[in-house]
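Here are a few notes to help you find your way around this one. Have a look at the sequence and the model first, then read on.

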Amino acid sequence: MEYIFTLKYQLADAGGDLQAVVEQLGEHGCDDALVGSGLPGRIALEFTREADSAEAAVRSALDDVRRAVPGATLIEVTPDLVGLTDVAALVGVSRQNMRKLMLSHPSTFPLPVHDGSTSIWHLADILAWLQARGGYALTAGLVEVALVALEVNVAKEGLRLSSPNPSVAR
């Protein structure tokens with residue numbers, strides 16, 4: 001099966017040769033990723049990877065990037081943290097429909113990770129809720145990738161918090 005996900009990294013050398021990094025990625029098995037750079041020293045790799053499971057796809061991509069760019073620090077795996085607009089686009093409904101679902105089911109709709117003027121949820125939580133309700137055409141790949149992204153991001157944060165200096169990402 002084909003899985004689509006993004007890995008975002010902070011590079012050790014913010015002013016380094018981005019073309020050399022892209023070449024290293026290609027040499028180490030990341031030729032199935034589109035590479036983007038917006039902020040200096042950061043890259044995003046959007047993978048379309050064939051694998052038996054989402055976990056195998058994401059883990060193999062993480063291993064490939066680690067070999068290609070050993071000094072890079074993982075920022076996040078996506079899709080994971082999302083707003084209602086993001087969920088609506090992924091599920092194929094309007095933002096207003098997602099907001100209506102949230103407001104009309106306050107006791108069962110997943111709690112946000114951050115609640116404020118812009119609330120943020122784990123995509124896996126909302127997809128599981130939508131699956132339980134039925135009537136939504138959710139692809140198995142999206143549901144699997146969202147769950148793996150959540151697991152990797154939570155594990156990464158757990159490692160960061162258990163380090164001697166938790167303000168420093170590892």
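What pattern does the chain follow when it is read along the sequence? Keep in mind while looking that this is a predicted model.

1. **Layout.** Read along the sequence, the pattern is β-α-β-β-α-β-β-α-α-β-α-α. That comes to six helices and six strands in the chain.

2. **Overall shape.** The radius of gyration is 17 Å, close to the 15 Å that the globule rule gives for 170 residues, so the chain is as compact as a globular protein of that length. If you like to think in boxes, the C-alpha atoms fill one of roughly 50 × 40 × 25 Å along the principal axes.

3. **Inside and contacts.** How much of the chain is buried? Buried residues account for 38% of the 170. As for contacts between residues at least 6 apart in sequence, 65% of them join residues at least 24 apart.

4. **Surface and charge.** About 9400 Å² of the chain is exposed, and carbon and sulfur atoms supply 55% of that area. On the charge side, there are 13 positive and 21 negative side chains. The centres of these two sets lie 10 Å apart.

5. **Aromatic pairs.** The structure holds three aromatic pairs. One of them is formed by Phe109 and Trp121, which meet edge-to-face, with 5.8 Å centre to centre and 90 degrees between the planes. This pair links distant parts of the chain: Phe109 sits in the loop between helix H4 (95-104) and strand S6 (121-122), while Trp121 belongs to strand S6, twelve residues apart.

6. **Buried or exposed?** Phe109 has 5% relative accessibility, so it counts as buried, the cut-off being under 20%. Trp121 has 3% relative accessibility and therefore also counts as buried.

7. **A second partner for Phe109.** Phe109 forms an aromatic pair with Trp129 too, again edge-to-face, at 4.9 Å centre to centre and with 70 degrees between the planes. Phe109 is in the loop between H4 and S6 and Trp129 is in helix H5 (residues 123-133), so this pair ties together parts that are 20 residues apart in sequence. Trp129 is buried, as is Phe109.

8. **Putting the rings together.** Which residues do the ring pairs link into a cluster? They are Phe109, Trp121 and Trp129. To find the cluster in the model, start from Phe109 in the loop between H4 and S6, then look for Trp121 in strand S6 and Trp129 in helix H5.

Terms used. Residues are numbered from 1 along each chain as its sequence is written. This is a predicted model: local features need pLDDT of at least 70, side-chain atom pairs count only at pLDDT 80 or more; totals for chains, interfaces and linings use all residues. Side-chain values use heavy atoms; hydrogens and water are left out. Helices (H or I, at least four residues) and strands (E, at least two) are DSSP runs, numbered from the N terminus. The radius of gyration is taken over C-alpha atoms; the globule rule is 2.2 Å times the number of residues to the power 0.38. Buried means under 20% relative accessible area, exposed over 50%, partly exposed in between (1.4 Å probe, protein chains only). Contact means heavy atoms within 4.5 Å. Accessible areas come from the Shrake-Rupley method with a 1.4 Å probe; for residues, only the protein chains shown count as cover. Lys and Arg count as positive and Asp and Glu as negative; His and the chain ends are not counted. The place of a charge is taken as NZ of Lys, CZ of Arg, CG of Asp or CD of Glu. Rings of Phe, Tyr and Trp (its six-membered ring) pair if their centres lie within 6.5 Å; planes under 30 degrees apart count as stacked, over 60 as edge-to-face and the rest as tilted.
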